[in-house]
Amino acid sequence: MTASSGENSAERKSSLSGFAPLEAVLFDVDGTLCDSDPLHYFTFREMLQEINFNGGVPITEKFFSEKLSGKHNEDMALVLFPDDIEGGMKFLADKEAVFRRLAPERLKAVNGLYKMKKWVEDHGLKRAAVTNAPRENAELIISILGLTDFFEALIIGSECEHPKPHPDPYLKALEALKVSKDHTFVFEDSVSGIKAGVAAGLPVVGLTTGNQEHALMEANPTLLLKDYNDPKLWAALEELESAGKAVA
């Protein structure tokens with residue numbers, strides 16, 4: 001590899017401009033469309049305490065962030081109930097039902113989401129939601145946020161051969177939208193999700209809505225932002241637009 005090609009590769013990895021012309025944008029759901037982690041944490045903490053998990057000592061936000069956030073329910077059952085996976089899955093089903101009951105009054109869009117939605121629509125891009133959440137949860141959240149007609153596809157981790165952090169859900173989204181990984185990028189907020197996008201060969205824009213910056217950086221996102229109003233995002237999108245015009 002020449003020095004020039006190495007520099008181009010590095011630039012492609014640190015910005016979005018190497019993926020012009022853009023065809024599609026993929027969004028995670030929990031923590032990416034709305035800051036749902038606080039509600040998930042509250043529900044887990046209360047319900048686990050009720051069954052005397054950890055001797056009745058409430059789980060911490062650190063435990064939730066490191067062990068549960070962004071993970072598929074089967075993986076969470078392994079963490080919480082390694083000796084009773086079947087009972088763990090029943091607990092998680094009950095927990096998700098409580099989450100859905102509380103969600104309509106407690107969930108709000110991540111700052112700047114609708115500005116980003118308009119940008120995607122104005123540029124005629126394809127879009128899909130890709131999540132490890134149960135389908136009932138994902139459909140409810142998308143409906144609460146008024147995004148049901150925005151997404152052309154909804155990909156559920158448990159309906160793929162492997163959920164995130166494996167690449168399967170993102171590869172399935174590319175196939176559903178009939179777009180190339182070379183012209184698509186992802187919004188994610190969890191280590192598991194960022195790893196899935198990177199494993200699928202996609203640039204990932206990470207959001208620090210529910211997880212610590214240093215943990216997300218270890219998963220190798222292309223960009224890391226506070227929310228959709230972050231000036232870094234709009235600078236990157238402007239650069240991407242310019243690159244697309246140059247290609248055209």
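The paragraphs below lead through side-chain contacts of this structure, which is a predicted model.

A good place to begin is aspartate 189, which sits in the loop between strand E4 (184-188) and helix H9 (191-199). This aspartate is buried and yet has no salt bridge, since the nearest side chain of opposite charge, that of lysine 164, is 7.0 Å away. A salt bridge requires a side-chain nitrogen of Lys or Arg within 4 Å of a carboxyl oxygen of Asp or Glu. What the side chain of aspartate 189 does have is a polar contact with the side chain of threonine 32, at 3.3 Å. Once residues up to four places away in sequence are set aside, aspartate 189 touches several residues with low numbers, Asp28, Asp30, Gly31, Thr32 and Asp37 among them, and its list of contacts also includes Leu207, Thr209, Asn211 and Leu216.

One of those contacts, Thr209, leads on to lysine 226, because leaving aside neighbours within four places in sequence, lysine 226 is in contact with Thr208 and Thr209, the contact cut-off being heavy atoms within 4.5 Å. Lysine 226 is found in the loop between E6 and H11, and with a relative accessibility of 61% it counts as exposed, whereas aspartate 189 is buried. Along the chain, lysine 226 is 13 residues from glutamate 213, and in space the two are 9.4 Å apart when taken from C-alpha to C-alpha.

The aromatic residues come next, and the count of aromatic pairs comes to 11. In one of these pairs, phenylalanine 27 and tyrosine 228 have ring centres 6.5 Å apart and planes at 45°, so the pair is tilted. Phenylalanine 27 belongs to strand E1 (residues 24-27), while tyrosine 228 lies in the loop between strand E6 (223-225) and helix H11 (231-247), so the pair ties together parts of the chain that are 201 residues apart in sequence. Both partners are shielded: phenylalanine 27 is buried, with a relative accessible area of 1%, and tyrosine 228 is buried as well, with a relative accessible area of 0%. Another pair joins phenylalanine 185 and phenylalanine 187, whose rings meet edge-to-face, at 5.2 Å from centre to centre and with 75° between the planes. Phenylalanine 185 counts as buried at 1% relative accessibility, and phenylalanine 187 does so at 0%. These four residues belong to a cluster in which ring pairs link Phe27, Phe150, Phe151, Phe185, Phe187 and Tyr228.

Rings also take part in another kind of arrangement, in which a charged side chain lies over the face of the ring. Arginine 106 is placed in this way over phenylalanine 42, at 5.0 Å from the ring centre, and lysine 115 lies over the face of tryptophan 234, at 4.4 Å from the ring centre.

The structure holds 12 salt bridges, and a few of them can be followed individually. In one, the side chains of glutamate 66 and lysine 62 meet at 2.9 Å, N to O; both residues lie in helix H3 (residues 61-67), four residues apart, which is about one turn of the helix. Glutamate 66 counts as partly exposed at 45% relative accessibility, and lysine 62 counts as exposed at 56%.

Other salt bridges join separate elements. Arginine 100 forms one with glutamate 136, their closest N and O atoms being 3.5 Å apart. Since arginine 100 lies in helix H5 (residues 85-106) and glutamate 136 in helix H7 (residues 135-144), this pair ties together parts that are 36 residues apart in sequence. Glutamate 136 counts as exposed, at 51% relative accessibility. Helix H7 also holds arginine 135, and glutamate 159 lies in the loop between strand E3 (153-156) and helix H8 (168-177), so their pairing ties together parts that are 24 residues apart in sequence. The side chains of glutamate 159 and arginine 135 meet in a salt bridge of 2.9 Å, N to O. Glutamate 159 counts as partly exposed at 39% relative accessibility, and arginine 135 is likewise partly exposed, with a relative accessible area of 30%. Finally, salt bridges that share partners join Asp28, Lys164 and Glu188 into one network. This brings the reader back to the starting point, as Asp28 is one of the residues that aspartate 189 touches.

Notes:
Residues are numbered from 1 along each chain as its sequence is written. This is a predicted model: local features need pLDDT of at least 70, side-chain atom pairs count only at pLDDT 80 or more; totals for chains, interfaces and linings use all residues. Side-chain values use heavy atoms; hydrogens and water are left out. Helices (H or I, at least four residues) and strands (E, at least two) are DSSP runs, numbered from the N terminus. Buried means under 20% relative accessible area, exposed over 50%, partly exposed in between (1.4 Å probe, protein chains only). Lys and Arg count as positive and Asp and Glu as negative; His and the chain ends are not counted. A polar contact is a pair of N or O atoms within 3.5 Å; within protein, one must be able to donate a hydrogen and the other to accept it, and residues adjacent in sequence count only if both atoms are side-chain atoms. Rings of Phe, Tyr and Trp (its six-membered ring) pair if their centres lie within 6.5 Å; planes under 30 degrees apart count as stacked, over 60 as edge-to-face and the rest as tilted. A charge sits over a ring if NZ of Lys or CZ of Arg is within 6 Å of the ring centre and within 35 degrees of the ring normal.
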